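Hi,

Here is the model I promised to pass on. Have a look at it first, and then read my notes below.

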Amino acid sequence: MHIPDGFLNVATAASTYMVSAGGVGFALKEVGRKLGEKHIPLVGVTGAFIFAAQMLNFPIVGGTSGHLLGAALAAILLGPWTGLLVMSCVLLVQSLLFQDGGLLALGANVFNMGVVGCFVGYFVYRGVASLLRYSRKGILTASFVAAWGAVMAASIFCALELAISGTSPLKVALPAMAGFHALIGIGEGAITAAVLSFVLVTRRDLLELRKI
Amino acid sequence: MRHSFLDKYSQLHSPIHHLDPRVKLALSFAFILGVVTTPPTLWPAFVLYLILLWCLILISRLPPLFVLVRSLIIIPFVVVVAVFVPFFSGGGVAGSYSLGPWQVTVSHHGLMVLWNVVVKAWLSVQALILLSSTTRLPDLLRGMQGLGMPRVLIMILSFMYRYLFVLIDEVMRMRQARDSRNFGGKRLWQWKTIGSMAGSLFLRSYERGERVYMSMMARGFDGQVRSLRRLQLSYAEVCLGVACLFLVVAVNVVPRFAFPM
């Protein structure tokens, strides 16, 4: 879902850049105020974690494999603003080191996978988990649904941006992207739930930290 | 463990490698912006962009094959766009094919969209490869700070870059341990194992982050990182930067008048 340069027109790239830059700026202030300077190594190392976790491929039907996106996972574990910071750093480094996602399209990628992915993931998780009273099953179900929803929402915004830029026709591209990512999202959800079930067993206290 | 796939060619020596990172960043951004704003029908401009870019790539002594192979990373997205080409209508029919039961009609407009995307994405990704293979990431970050990115974000990114290698090592060791215990094939139950691996990776990273913070505190960390290396912009670098910028703008503007369509 990392959009390369050349797929978006300048208006779309510029407007998503502005939204993402505003979001990251606010996240920096918010996280810095609530966590103090402690957040600098924490966010950095968590960013490296998401980066490394994306190297763990999981099998999808038909011999293909996918890898974790991590937006919902970061948001559930650390909170939406911290998650946004983590994802923005990951996307920036991926663009610069691997050319995975373009420089001019970075704003759009941060918007899709950072802003949309983290906030959808976080609030879906909180909503579903509180309905199920934060039981073990509830937390796992909620994290699965949240991760699936985050991937879906990010892919829908990706399709919208491509359509606004005139790169693909909305009527066909939107259902195709959403349908494809509905499948990918199952893998994302399963891995996210498995990570949470591991954290629940080993360090439950981390899930009860104040989320920012 | 080896991570030679990261930052492989950024240690070479060439005029481009030694150029100030701020100049390189600003020029790459300007180049990509120039490519994206060029109308797709103006093909002479794209040829000129390609010549300009490859002059720089040859000066930088990057292996040409490496740049070409690396630029294939855009293919998945190009395929996605190519699949949707038959669904564009308008601009007259360019060709009609029957694929089994379906009659596929490709319009001129659809082909133009595909050409537009392929040429722009290909040029931009090569510019990005040139930038990132001639500059070490810490230098790029310093350049970004020089161009006005918030200091805290730069520090987070530096931390991330520092621990990236440690955690990639950790993943490689975990994978080795897993594979030596007969983890073959592709089955659905593997998801549970991969989830536990990611979970323990998270715990190790989180606890490492805490330890790093505490040892930084013990050494008197006050939120400031002091570096001995300073960026210095020489007169020649500024001139070179302005000259390249002028070329990009010229390639963007002049062909519109030279080849009116």
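Let me start with a question: is A:Thr46 buried or exposed? Keep in mind that this is a predicted model.

A:Thr46 sits in helix H2 of chain A. Its relative accessible area comes out at 4%. Since the cut-off for buried is under 20%, A:Thr46 therefore counts as buried. Setting aside neighbours within four places in sequence, A:Thr46 is in contact with A:Leu78, A:Val86 and B:Phe202, and that last name brings us to the other chain.

On the interface: chain B and chain A bury about 6700 Å² between them, and 84% of that is on carbon and sulfur atoms. B:Phe202 turns up again here, as B:Phe77, B:Trp191 and B:Phe202 supply 12% of the area that chain B buries against chain A, more than any other three residues. The contact draws 73 residues from chain B and 73 residues from chain A.

As for polar links, the count between the two chains is 1 salt bridge. B:Glu207 makes it with A:Arg203, and the closest N and O atoms are 2.7 Å apart. Polar contacts across the interface come to 5 residue pairs, with both residues at pLDDT 80 or more.

Which parts of chain B face chain A? The elements giving two or more residues to that side are helices H2 (21–37), H5 (75–84), H6 (108–134), H7 (137–146), H8 (151–179) and H9 (190–218) of chain B. H9(B) gives the most, with 22 residues. By type, the residues on this side of chain B divide into 52 nonpolar, 11 polar and 10 charged.

Now for helix H1 of chain A, which runs over residues 10–35. At 1.5 Å a residue, its 26 residues should span 38 Å, and the end C-alpha atoms are 36 Å apart, so the two values agree. Buried residues in H1(A) include A:Thr12, A:Ala13, A:Thr16, A:Ser20, A:Gly23, A:Val24, A:Ala27 and A:Glu30. When you look at that list, remember that an α-helix has 3.6 residues a turn, so residues three or four places apart point the same way.

What covers the buried residues of H1(A)? The cover includes helices H2 (39–53), H4 (80–98), H5 (106–131) and H6 (136–164) of chain A, together with H8 of chain B. Just after H1(A), A:Gly36 takes a positive phi of about 70°.

Cheers

Definitions and conventions
Residues are numbered from 1 along each chain as its sequence is written. Chains are lettered from A and ligands numbered from 1 in the order in which they are written. This is a predicted model: local features need pLDDT of at least 70, side-chain atom pairs count only at pLDDT 80 or more; totals for chains, interfaces and linings use all residues. Side-chain values use heavy atoms; hydrogens and water are left out. Contact means heavy atoms within 4.5 Å. Buried area is the accessible area (1.4 Å probe) that two parts lose on being put together, summed over both. A salt bridge is a side-chain nitrogen of Lys or Arg within 4 Å of a carboxyl oxygen of Asp or Glu. A polar contact is a pair of N or O atoms within 3.5 Å; within protein, one must be able to donate a hydrogen and the other to accept it, and residues adjacent in sequence count only if both atoms are side-chain atoms. Helices (H or I, at least four residues) and strands (E, at least two) are DSSP runs, numbered from the N terminus. Ala, Val, Leu, Ile, Met, Phe, Trp, Tyr, Cys and Pro count as nonpolar, Asp, Glu, Lys and Arg as charged, and the others, Gly among them, as polar. The expected span of a helix is 1.5 Å times one less than its number of residues. Buried means under 20% relative accessible area, exposed over 50%, partly exposed in between (1.4 Å probe, protein chains only).
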